[in-house]
Amino acid sequence: MLKLFLIFILINKVIFANGIEQKVKEIIKNQFGNNVQVDFNKYKIPLELKNEIENKVKQKFFAESVFIWLIKENDSLLAVAIMDNVYGKAQPITFITFLGENGKILSNHIVKYREEHGSAVSNFNWNKQFIGRDEKYDFNKIDAISGATISVNSIKKGVHKLVLLYKTLDKTELWK
Amino acid sequence: MNLNKLNILILLLAFSFVECYGQFDFFESKATIGGYGEMHYNYKNNNGATKNTLDFHRFVVFVGYGFTEKWSFKSEIEIEHNYVSDGEGELSLEQAYLDYHFRDYLGFQAGIILVSAGLINENHEPTLFFGVERPNYSKYIIPTTWFGNGFAIYGNYSGFEYKLNFMEGLIGDKFSLNNAIRNGRQKGFESDASSMMYNLKIDYTNILGLKIGGSATYNNSISDSLSIPFALLEVHADYRQNGLILVGEYGNINYSNHKLLKSNGFYFDVGYDLSNLINVDWKIIPFGRYSRYNTASETENGGDEEKMYDIKEWMFGITILPIDNIVLKADYSQNKSELSSIKTEFINLGIGYRF
């Protein structure tokens with residue numbers, strides 16, 4: 001019995017990593033390898049900019065701040081990752097969008113999903129649709145998923161907001 | 001097991017449920033509100049006998065509350081046909097359950113829950129299906145909205161979504177040739193729990209645009225005399241890619257100890273979103289449907305009884321979504337029983353919303 005519980009706990013804590021920080025580290029490692037430096041910042045969005053983006057996309061930011069990671073290799077910036085939340089049917093969905101210097105999306109990932117329905121938005125194939133998109137793209141064209149309408153609509157707006165936010169970040173400061 | 005081992009076990013169990021939160025602990029308890037509604041105009045012509053109705057068919061309010069990242073409450077209250085009086089209209093609590101989302105692969109629910117059968121029972125908002133009314137398959141073979149008191153275990157892993165419901169059964173004495181199991185639903189009203197129903201659904205969603213799966217439901221349904229076991233098996237698929245939409249469902253019910261032996265049916269929809277061709281913001285989706293269902297496809301008496309409720313139906317129509325949350329619909333359909341040469345015509349118009 002004790003052994004069974006030990007196995008259960010091991011599976012929970014190691015294989016099904018559940019902490020947000022741990023999951024983000026895993027995603028960065030899978031995408032950029034082990035030899036990158038990662039700087040983390042909590043970024044408070046200027047109120048005027050926040051209102052402007054919210055009005056354009058028709059979705060509120062989850063909070064005043066988003067979480068930003070700078071991924072560097074040999075002091076050269078490879079990507080900027082921005083993490084935010086959007087609401088599903090009742091619970092927040094945590095997602096992270098990786099952007100390159102040209103403002104195009106390198107990848108998008110669902111970090112944490114907290115509901116029964118709509119979890120198909122976590123699928124790699126669905127998130128692949130965001131790759132290469134930038135602020136000029138019509139995010140309404142992202143394909144729907146049967147049974148995940150609320151989640152799909154929330155996330156495509158959420159990603160659109162981050163793409164617009166990224167455009168305003170101080171590039172000279174970031175990419176130096 | 002000695003006391004030390006028991007203590008270790010309890011500590012480990014507690015540890016396994018504890019999460020460590022740091023700077024990303026942004027969760028806030030919050031109430032959410034949503035809902036949907038639909039108003040229909042229905043015209044029916046049965047061999048010259050016509051009927052026109054205008055009906056605010058459904059008004060639904062969804063209220064949820066996230067207590068923590070794992071614990072939440074969800075509910076759905078519905079008024080059908082605008083008011084409730086003298087057996088007309090319906091006010092019902094279609095969902096009201098506590099949800100414990102332990103991990104993506106394991107969650108639990110308890111309360112008034114939906115049966116996991118078919119595409120529409122769990123996702124029945126008007127923006128999500130073709131046609132002003134729900135498909136007749138989703139009325140006569142899978143009796144949407146099918147809900148009741150019970151418990152569920154659910155999860156998803158590697159693109160597989162699964163759910164096992166253990167909930168109130170049906171009243172077998174109310175099964176009928178023309179309505180199959182529909183009138184046997186207890187709808188959570190002081191449910192007779194003497195025979196619980198088992199319902200298992202598995203869907204696969206890891207192929208972009210495709211949801212494919214099936215479910216099995218079994219209940220030794222309640223009866224004043226011999227209990228009436230039934231088993232519902234169904235398969236379903238929904239494919240949406242590059243504007244093309246294909247939807248199909250097939251279901252079969254087997255009965256024992258009843259004059260009904262079998263009910264079955266299917267429908268198949270094809271639609272195409274024209275906004276992919278013409279550069280407009282609105283989604284404009286013409287569609288066609290073919291359906292056949294028979295609530296008494298096999299009976300003890302056989303003969304005409306098995307033909308009377310064998311309905312063939314075709315439909316074409318249009319679904320327009322100015323935004324994802326609002327829908328305008330129109331459809332024309334004809335259906336005919338195998339026993340009759342008379343076709344019944346329907347013209348339906350509808351508006352719907354969800355938020």
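**View 1. Strands β1 and β2 of chain A run antiparallel, joined by 8 bridges.** In this predicted model, β2(A) covers residues 65-73. To find your bearings in the pair, start at A:D39: its bridge partner in β2(A) is A:L70. As a reminder, strands of a sheet pair through backbone hydrogen bonds, either parallel or antiparallel.

**View 2. An open sheet of 5 strands in chain A follows the order β1-β2-β3-β4-β5.** The pairing here is antiparallel. At the edges stand β1 (37-44) and β5 (105-112) of chain A; each has a single partner strand, so one side of each is left without a neighbour in the sheet. On average, neighbouring strands of this sheet are turned by 20° against each other, direction ignored.

**View 3. Helices α2 and α5 of chain A both pack on this sheet.** Helix α2(A), residues 20-32, touches β1, β2, β3 (76-87), β4 (92-99) and β5 of chain A. The direction of α2(A) makes about 150° with that of β5(A). Helix α5(A), residues 149-168, touches β2, β3, β4 and β5 of chain A, and its direction makes about 140° with that of β3(A).

**View 4. Helix α3 of chain A packs against α5(A) at an angle of about 140°.** Helix α3(A) spans residues 47-57, and the two axes lie 10 Å apart. The helices α3(A) and α5(A) are therefore oblique to each other, and their crossing is right-handed. Look for A:L49, A:I53, A:K56 and A:V57 on the α3(A) side; they meet A:K157, A:H160, A:K161, A:L164, A:L165 and A:T168 of α5(A). The residues of this contact divide into 5 nonpolar, 2 polar and 3 charged.

**View 5. Chain B holds 3 helices and 16 strands.** Its radius of gyration is 22 Å, close to the 20 Å that the globule rule gives for 355 residues, so chain B is as compact as a globular protein of that length. The C-alpha trace of chain B spans about 80 × 60 × 45 Å along its principal axes.

**View 6. Two hairpins link β14, β15 and β16 of chain B.** Strands β14(B), residues 310-323, and β15(B), residues 326-337, run antiparallel and are joined by 11 bridges. The hairpin between β14(B) and β15(B) passes through 2 residues, and B:M315 stands opposite B:S333 in β15(B). From there, a hairpin through 6 residues leads from β15(B) to β16(B). Strand β16(B), residues 344-354, runs antiparallel to β15(B), with 10 bridges between them. A handy landmark in this pair is B:Q334, which stands opposite B:E345 in β16(B).

Definitions and conventions
Residues are numbered from 1 along each chain as its sequence is written. Chains are lettered from A and ligands numbered from 1 in the order in which they are written. This is a predicted model: local features need pLDDT of at least 70, side-chain atom pairs count only at pLDDT 80 or more; totals for chains, interfaces and linings use all residues. Two strands pair if DSSP finds at least two bridges between them. Helices (H or I, at least four residues) and strands (E, at least two) are DSSP runs, numbered from the N terminus. Axes are lines fitted to C-alpha atoms, for helices over the stretch in contact, and angles run from 0 to 180 degrees between N-to-C directions. Two residues are in contact if their C-beta atoms, placed from the backbone, lie within 7 Å. Angles under 35 degrees count as roughly parallel, over 145 as roughly antiparallel, 65 to 115 as roughly perpendicular and the rest as oblique. A crossing is left-handed if the near helix is turned anticlockwise from the far one by less than a right angle, and right-handed if clockwise. Ala, Val, Leu, Ile, Met, Phe, Trp, Tyr, Cys and Pro count as nonpolar, Asp, Glu, Lys and Arg as charged, and the others, Gly among them, as polar. The radius of gyration is taken over C-alpha atoms; the globule rule is 2.2 Å times the number of residues to the power 0.38.
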